[in-house]
Amino acid sequence: MTWEETVIHFRSQPKNKQISRDAYLEEDLIDNIERFKNSEEWAETFKEISSLIPNKKTIKVLDIGAGNGISSLAFALNGYEVTALEPDTSNTVGSGAIKFLASHYKLNNITIIEAFGENLPFEDESFDIVYGRQVMHHAHHLDNFLKEAARVLKKGGFLMTVRDHVIKDKKDKELFLKSHPLHEYYGGENAFLFREYEGAILNANLIIKKILSPSQSTINYSPWSKKRVSELITNKFGKSFCNLITVNLLWKVNQYRLETLPGKLYSFIALKE
């Protein structure tokens, strides 16, 4: 199956409704955008990005592997000058979806390019921010991917890659791929060792400024939150059972789970000097 065929098939199954919604892969593209730009993940991402280059009037962002455009649109709607890089041309999960959304929101500050991250069609030092959401672990060649990202970054610019899968060994990767709900359909999932991500970033002559672990930031653990844990307890056991002690305890359990799952999520922020 192609990625588009996989998503259409997957979300057609009633059992996958919540996963599709949490992954912003529902058919209603506008609803995906509205939910993402109001999410805790985006609020934290925007906070981090805003702190990196706080005093510049025009900030150019390259969104690598933009998918159906949730991040590109969120950046553009906040006034950034955005280039969305997405090789898939589909209207469901590719550049076609981004074009539809840019038109819907009447945006003139977003450019859509159909290309891969390992060979970026841009001049050196073109962007203030290179951003990737759940994309770096899909790189066909991790070193080339990071070197290209570094090449197109301006001096003083930042790379921010979020929600990338980290495995601890070969067995951990096998467990991750087996448990991933979409991998069985299209076989396109992947993950790297932590030291492989770190090494590739450093080999690209970037300076790592911040590493966010799975439970350290809502960027990684979204859509999970104390609020969601509370809602699940209330729905299952009733309001009387849902107290602060119970929510805190189950949230701690959930944090431990986030840190120990195969393919746990990390985010990286790196500077080009």
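Is E26 buried or exposed in this model? E26 is buried, its relative accessible area being 15%. Before going further, I should state that the model under discussion is a predicted one.

I begin with charged pairs. E26 is the partner of R35 in a salt bridge, and the closest N and O atoms of the two are 3.6 Å apart. R35 has a relative accessibility of 18%. The cut-off for buried is under 20%, so R35 counts as buried as well. The pair does not stand alone: R21, E26, D31 and R35 are linked in a network of salt bridges. In the structure as a whole, there are 12 salt bridges.

Let me stay with R35 for a moment. R35 belongs to helix α3, which covers residues 29-37. Which residues does R35 touch, once its neighbours within four places in sequence are set aside? The contacts of R35 are then with R21, Y24 and E26. Two of these names, R21 and E26, have just appeared in the salt-bridge network. As for Y24, this residue is 11 residues from R35 in sequence, and the C-alpha atoms of the two are 8.0 Å apart in space.

Two further salt bridges deserve attention. The side chains of R151 and D124 form one of them, with an N to O distance of 2.8 Å. R151 sits in helix α7 (residues 142-152), whereas D124 sits in the loop between β3 (110-113) and β4 (127-133), so this pair ties together parts that are 27 residues apart in sequence. With regard to solvent, R151 is partly exposed at 23% relative accessibility, while D124 is exposed at 51%.

The other bridge joins the side chains of D128 and K154, at 3.7 Å from N to O. Here the partners are both in strands: D128 is in β4 and K154 is in β5 (residues 153-167), so the bridge ties together parts 26 residues apart in sequence. D128 counts as buried, at 4% relative accessibility. K154, at 23%, counts as partly exposed.

The next topic is backbone geometry in the loops. E125 is in the loop between β3 and β4, the loop that also holds D124. Although E125 is not a glycine, its phi is positive, at about 55 degrees. E125 is partly exposed, with a relative accessibility of 37%. Where does Q134 lie? Q134 is found in the loop between β4 and α7. Its phi is also positive, near 55 degrees, and Q134 is likewise a residue other than glycine. The relative accessible area of Q134 is 27%, so this residue counts as partly exposed.

A further backbone feature is the peptide bond between S222 and P223, which is cis, with omega at about 15 degrees. P223 is placed in the loop between α11 and α12.

This brings me to the pockets. Rolling a probe the size of a water molecule over the atoms shows where empty space is left. The second largest pocket has a volume of about 430 Å³. Which residues lie nearest its centre? They are Y24, S39, S222, P223 and R228, out of 16 residues that line the second largest pocket. Both partners of the cis peptide bond, S222 and P223, are thus named among the residues nearest the centre. Y24, a contact of R35, is named there too.

Helices contribute to this lining: α2 (17-22) and α12 (226-237) each supply at least two residues. By residue class, the lining of the second largest pocket divides into 7 charged, 6 polar and 3 nonpolar residues.

I close with helix α13, residues 244-260. How many residues does this helix have? Helix α13 has 17 residues. From its first C-alpha to its last, α13 reaches 24 Å, close to the 24 Å expected at 1.5 Å a residue. The buried residues of α13 are T246, V247, W251, N254, Q255 and L258. These buried residues pack against α11 (218-221), α12 and β8 (264-271). Helix α12 therefore appears twice in this account, once as a packing partner of α13 and once as a supplier of residues to the lining of the second largest pocket.

Methods
Residues numbered from 1 in each chain as written. Predicted model: local features only at pLDDT ≥ 70, side-chain atom pairs only at ≥ 80, totals over all residues. Heavy atoms only, no water. Salt bridge = Lys/Arg side-chain N within 4 Å of Asp/Glu carboxyl O. Buried < 20%, exposed > 50% of the residue type's maximum accessible area, 1.4 Å probe, protein only. Helix = DSSP H or I, 4+ residues; strand = E, 2+ residues; numbered from the N terminus. 1 Å grid on protein atoms, 1.4 Å probe; cavity = no way out; pocket = protein on both sides within 12 Å on 5 of 7 lines; lining within 4 Å. Points joined across faces, edges and corners; volume = space filled by probe spheres on them. Nonpolar A, V, L, I, M, F, W, Y, C, P; charged D, E, K, R; others polar. Expected span 1.5 Å × (residues − 1). Contact = heavy atoms within 4.5 Å.
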